[in-house]
Amino acid sequence: MPALLLLEAMGNTGEYVIDAALDLGVEVIVATHEDVFEEWYSPSLQAKIRDHAKLVFTDFSDAEGALRQLAEVSRAEGVGGVVACWEFLTPLVARLTADLGLPGNDPSRALGCRNKRIMARAFAEHGVPAPRTVAARTLEEAYALVEKAGLGYPLVVKPAEQSGSWGVSVVRDDEELEAAFAVVRSHLFQMPHGIPLDAHVVIQEYVGGVEYSIETVAAAGRLTPLFPYDKFTTDGAKRAEFGHTVPAELDEASVRVLQEAAVAAARALGVTNGVAHTELKLLPDGTTRVIELGARLPGDHVVALMRRAKGIDEARIYVQVALGLAPDLTPTADRAAGIRFLVPPRGGVLRSVSGIGDSAAVARSSITVPPGGRVRAPGDNDARVGYVILHADTAPEVNRAAAEAIADVTIEVE
Ligand SMILES: Nc1ncnc2c1ncn2[C@@H]1O[C@H](COP(=O)(O)OP(=O)(O)OP(=O)(O)O)[C@@H](O)[C@H]1O
Ligand SMILES: [Mg+2]
């Protein structure tokens, strides 16, 4: 069996991918920065990698240097597949797999899978339904482009390259636009690798409707959409995710609309091998708009939800496709699963989390910030202090059980 090179195992999909690869009998080589490994990895993940995988330290802020080093390592170690568990590194994976002649995505289009300015251009060129978008580096340019495009408030302001809903705001007038613009322009580096980011601010028309996510599996150019699932976000100026339920309760026609748009988005961005995670909104008139696509697994433990609900293991699929193997796409279950995030009422120091429900539908729960740890004010996905995973026969049952499980949660912050 050839080895799998995994760029950045931090974040919640890294462990799923390592486990899936080991389960397939594949040797795993994890590439990360030494400081990131020491400071950001959990002790349990550090131990798992030390015991069961090889470790290569590199510097992702120098893309050319990392590319050269990792190509050399790959040739020396007999690497047969490369994946990333960190969205910012997906363009590097495309270049590396192209250099090595391994299954991967089109390197000339891969930047569009992480950069929302380039993504919007690709969607427009390929007729993918998406919000109308402009991108500006100065406020003056922003006002001029918004007017030229005929866009009106409300508008969505977001960084060209970030994630976790960081810096995403819905704005209703010039003053709010100016403030949101300044927030985005104040953070133009990526944590924790220090990868330089595009300084453009993306401004989009606000799309109403209901939001869903869906993964598309690409294997040797063949695109197969999986099941759309609910993505619950907060209302208001800041949009943070507070949960997901797999699968979404939708009629067949709506499922098809979402699946077709997800496949079109993947095609427009040159996704030919791997898994693409797409977020879209379904409008009351039955049409859809693609909000974004990442050439990566879904975060937020959706891998675990999809396994519980459908018996589909997206991490295993990701590894299989990277190695040029046929992916296991057949569902073996027909249930539902969900996750809800625990978010503090305000920023500060976490004192305690209590009152999580323990009905039969609660599969597991986890508090991810230790008592005494600093927590952020609600607003983006970094404010979470934990989560609850639920399962039941149907999505409405999961949603009901989820509401019950978090109804009496108290999060004390000082
Ligand atoms: N044009 C839009 N119209 C309506 N809502 C939007 C639009 N763009 C973004 N949103 C809302 O804001 C959320 C975050 O935006 P987006 O996905 O572009 O940023 P992100 O940082 O990549 O987020 P994440 O990593 O959390 O998915 C979306 O999931 C959606 O709810
Ligand atoms: Mg998003």
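**Exercise 1. Decide whether Glu292 is buried or exposed, then place it and list what it touches.**

Step 1. With a relative accessibility of 11%, Glu292 falls in the buried class. Here buried means under 20% relative accessible area, exposed means over 50%, and partly exposed lies in between (1.4 Å probe, protein chains only).

Step 2. Glu292 sits in strand S14. Helices (H or I, at least four residues) and strands (E, at least two) are DSSP runs, numbered from the N terminus.

Step 3. Setting aside residues up to four places away in sequence, Glu292 touches Lys116, Met119, His277, Thr278 and Glu279. Contact means heavy atoms within 4.5 Å.

A word on the model before going on: it is predicted, so local features need pLDDT of at least 70 and side-chain atom pairs count only at pLDDT 80 or more, while totals for chains, interfaces and linings use all residues. Residues are numbered from 1 along each chain as its sequence is written, chains are lettered from A and ligands numbered from 1 in the order in which they are written, and side-chain values use heavy atoms, with hydrogens and water left out.

**Exercise 2. Find which residues coordinate the magnesium ion (ligand 2), and work out which parts of the chain they tie together.**

Step 1. Look for donors, which are N, O and S atoms within 2.8 Å of the metal (3.2 Å for Na, K and Ca); water is not among the atoms, so sites may look incomplete.

Step 2. Glu279 (OE) and Glu292 (OE) coordinate the ion, at 1.8 to 2.1 Å. Glu279 belongs to strand S13 (residues 274-282) and Glu292 to strand S14 (residues 288-294), so the pair ties together parts 13 residues apart in sequence.

Step 3. Check the burial of the partner: Glu279 is buried too, its relative accessible area being 6%.

**Exercise 3. Describe how the protein surrounds ligand 1.**

Step 1. The shell holds 23 residues, and the closest are Lys116, Lys158, Gly164, Glu211 and Glu292. A residue counts as near if one of its heavy atoms lies within 4 Å.

Step 2. Now pick out polar contacts, pairs of N or O atoms within 3.5 Å (within protein, one must be able to donate a hydrogen and the other to accept it, and residues adjacent in sequence count only if both atoms are side-chain atoms). A side-chain N or O atom of Lys116 is 2.7 Å from an oxygen atom of the ligand. For Val207, a backbone N or O atom lies 2.9 Å from a nitrogen atom of ligand 1. Lys231 brings a polar side-chain atom to 2.9 Å from a ligand oxygen.

Step 3. Alone, ligand 1 exposes 600 Å², of which the protein buries 97%. Accessible areas come from the Shrake-Rupley method with a 1.4 Å probe; for residues, only the protein chains shown count as cover.

Step 4. Strands S6 (155-159), S8 (201-205), S11 (229-233), S13 and S14 each give two or more residues to this shell.

**Exercise 4. Locate the cis peptide bonds at Pro192 and Pro247.**

Step 1. Met191 and Pro192 are joined by a cis bond with omega about 0°. Pro192 is in the loop between helix H8 (174-185) and S8.

Step 2. From Val246 to Pro247 the bond is also cis, omega being near -5°. Pro247 is in the loop between strand S12 (241-246) and helix H9 (252-268).
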